[in-house]
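Hi there,

I hope your week at the bench is going well. Here is the structure I promised to pass on, so please open it alongside this email.

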Amino acid sequence: MKLWSFICIGFLLFACSKDDGTGTIAPPKSGFDRGAMLVNWADNIIVPTYTSFKTEAESLNNAATAFTNGPTEATLQSLRASWTTAYISFQKVSMFEIGKAEEIRYRNRLNIYPSNTEKIENFIAAESYDLALPSTIDAQGFPAIDYLINGLAGTDIEIVSFYNTNGNAQGYKNYLGTLTETILQLTTMILDDWNAGFRDSFVANTSSSATGSVDKMANDYIFYFEKSLRAGKVGIPAGVFSEQPLPENVEARYKEDFSKQLLLTAIKASQDFFNGKYSNNNTTGESFKTYLDFLNSIKNGEDLGSLINAQFNAADTQANELNDNLALQIETDNTKMLSTYDELQRNVILLKVDMLQALSINVDYVDADGD
Amino acid sequence: MVSRINAYRNKTTDAAPLAAFRILFGLMMFVGIVRFWSYGWIDKFYIQPKFFFSYYGFEWVRPLGGYTYLLFFICGIAAICVALGYRYRIAIILFFLSFTYIELMDKTTYLNHYYFISCLSFLMIFLPANAYFSLDAHRDRDKAYGQVPRWTVDAIKLLIALVYLYAGLAKLNSDWLIRAMPLKIWLPAQYDLPLLGNLMQREWLHYAFSWGGAAYDLAIPFLLFYKPTRWSAFALVVFFHLMTRILFPIGMFPYVMIVSALVFFDAGVHHKILKTLSTIFRIKKEKADARIRNKTYRNKTRTPMLIVGLFIAFQLLFPWRYLLYKNELFWTEEGYRFSWRVMLMEKAGYAQFKIVDKKKEAAFLVDNTDFLSTFQEKQMSTQPDFILQYAHFLGKHFTAQGHKNVAVYVESYVALNGRLSQPYIDPKVNLLEQEESFGAKDWILEFKDEIKGF
């Protein structure tokens, strides 16, 4: 018996020491390289995506300046085009709410809808507001701009004349300028932070704990998919969480024919990130998908990566059925909205339950003991 | 048989192991309470949540608002008194009651090792752990004894042995041994562990740890009981528990088990431990030794031994209650808790509740974060009794809000030990029509796989 336990200890010690001795001789990567995944995320996806969004935010800000300097139908249409492009571009960064973005609650600052138009009007009238206050999140960002460039009147002529003739036209111009400037400023802040050093600490933090980059990113990504995409863009307006549908809660409600495009962009962006697709071309690198494939090679379980991709495709197909104007879709035939919700919901389960279990990541890491 | 029991009852042993155990246990518990408090967990687990999951039959045990801190304070003071052996009997009763009350407040935080502490402290109520090297013995010469009934020390050993043995038996199942689950999920995540990180991704290691862990649990009680292997067994205990400490977030438990295993040693070792403590705290051990001479503690009645005997018998039987349920234990968790099933499952779930107006056929979904902490939601989504209790809570909540004819349905999915998630609770069952009981829960959907073994 004594011998047995010594053998046991010896075996375990041998197991421990083996890694030191042969680690350099054995092929270096029989395991998955989480570091490489983080590098791919940061260098090929997150930073380039923020960079291109920043360019769009600059154009938006410039277009807003041009419009407020001389409100014409031409400058309005140019501003609207910039807003549209930037809003689409934003869908691709919204899921990266990590680091500085998390700190400044970036998504809340840029895309809380529906906007509180009363609050916006009051701010403009009072000419005093602090957009950094949490209470102002429903009076800024893309939805507030939507109101100011699409929602003030029925036609472009009326909107332009509003900015020329309204008693407080200057107040509206100032507010619009502040909104586009704030978007640019916040985005610059985040991008600078990535470039200044956050990228390095993000990539280096391969640990699997509450603060590890993979765990945090996975949680942020799934939170985005579940709350902002599935619930925000589809579920809430379709009335899934309320007794009645709430068509006025769709994204970009004043632009009207734009909400579907935003949704499709967001689904595509989520899937691309899952597959580790570079932001600028079709190359793919290490990602949740390849990580799952690796773990599956140990586990011999279901091919989760393919299942998730299939579900992304199903959601995309279903969403393509929708009217360009989701509010109209809800009012005419809400069942298609609900079906889209269901397809997205199926992927929430695959991501949140199956993928997180496979990666051994806790949902919003619970800081407590286990046994 | 009766004469053998009587003979055993009269056997005595040195009081030192019991004294050392009492001191170390009390100190550990005190540190545990301080640790829990300092992490802000009292607030996070027992004050902030709006809703608490109670144990069946213990619905009256609830957190006490701000007084919950007082409860922990009492528990901590009681632990110190136990360590000091100051008014020991009252202290250990108070500790048992306050600690158990804390554990019963919300089953979200259920851990086998908390249950182990409750069991151990209950047992200690009936043991003369203050006979030696205690303030009680110091204050009253008549309460000092050098010898205690042998069964009192054996009872602790037996409880510890039982925990290991049952934990080992529970590992003898196909998921653990054949699929190396859930270690195959948990270990690769230890990616950045110094030296071991890369090794954690090797399949053979997952099997080695699974089989090694099961063998360890099954063998260690015998290796500790058997004198020739005792020291190497203790070395194994230290190694095993430190290893689990490195790999998993299991708090104080490894240290509690390491310290508890000391009780298996002969009195000589404990006298050395007490001697060391004496030096640290500048106590004269000789003084305590002089008081006891050859005095032997004797129970005035047979009651303590009887209660402890019944308690051990209960512990032997209770974990087998799962056999009374026909469903897969890991899936339905009927009879899962309080059975030393440690680290056996990786379960993840998702539960989406739907509130339906039965007459209008209108429905809406519930956002769980409105009512539950992330920890509670995580625990709720994989355990049927949590789901049922929460459904009833939702029913009451929305009825009070003015909704009429409320029915509560849940669409839920659970993934168990790396299997693809499957539907969990029957989505067509109005959970308000179901009541908690010890009966089988037929509204849990069938597990589409089989796990063989204990």
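Below is what I found, starting with the contact between the chains and then turning to the domains of chain A.

Please keep in mind that this is a predicted model.

**Chain B against chain A**

The contact draws on 67 residues of chain B and 57 residues of chain A. Between them, the two chains bury about 5,300 Å², with 60% of that area on carbon and sulfur atoms. If you would like some residues to look at, try Tyr191(B), Tyr350(B) and Leu420(B): this trio supplies 13% of the area that chain B buries against chain A, more than any other three residues.

How many salt bridges are there between chain B and chain A? The count is one. It joins the side chains of Asp367(B) and Lys227(A), at 3.5 Å from N to O. Ten residue pairs are in polar contact across this interface, both residues being at pLDDT 80 or more.

Which helix of chain B gives the most to the side that touches chain A? That is helix α11 (residues 203-225), with seven residues. Sorted by class, this side of chain B has 39 nonpolar, 17 polar and eleven charged residues.

**The two domains of chain A**

Chain A is assigned a domain 1 (30-204) and a domain 2 (207-288 + 298-364). Their C-alpha centres lie 22 Å apart. In the contact between them, 36 residues of domain 1 of chain A meet 39 residues of domain 2 of chain A. The two domains bury about 3,200 Å² between them, and 65% of this is on carbon and sulfur atoms.

Two salt bridges are found across this domain interface. For a salt bridge to look up in chain A, go to Arg34(A) and Asp215(A), whose closest N and O atoms are 3.5 Å apart. The domain interface also has 17 residue pairs in polar contact, again with both residues at pLDDT 80 or more.

On the domain 1 side of chain A, the elements that give two or more residues to the contact with domain 2 are α2 (34-69), α3 (73-91), α7 (141-151) and α9 (169-204). Of the elements on that side, α2(A) gives the most, with eleven residues. By class, the residues of domain 1 of chain A that touch domain 2 divide into 18 nonpolar, eleven polar and seven charged.

Happy to talk it through whenever suits you.

Best wishes

Technical notes
Residues numbered from 1 in each chain as written. Chains lettered and ligands numbered in written order. Predicted model: local features only at pLDDT ≥ 70, side-chain atom pairs only at ≥ 80, totals over all residues. Heavy atoms only, no water. Contact = heavy atoms within 4.5 Å. Buried area = accessible area lost by both parts, 1.4 Å probe. Salt bridge = Lys/Arg side-chain N within 4 Å of Asp/Glu carboxyl O. Polar contact = N/O pair within 3.5 Å; in protein donor to acceptor, adjacent residues only side chain to side chain. Helix = DSSP H or I, 4+ residues; strand = E, 2+ residues; numbered from the N terminus. Nonpolar A, V, L, I, M, F, W, Y, C, P; charged D, E, K, R; others polar. Domains from an automatic or database assignment.
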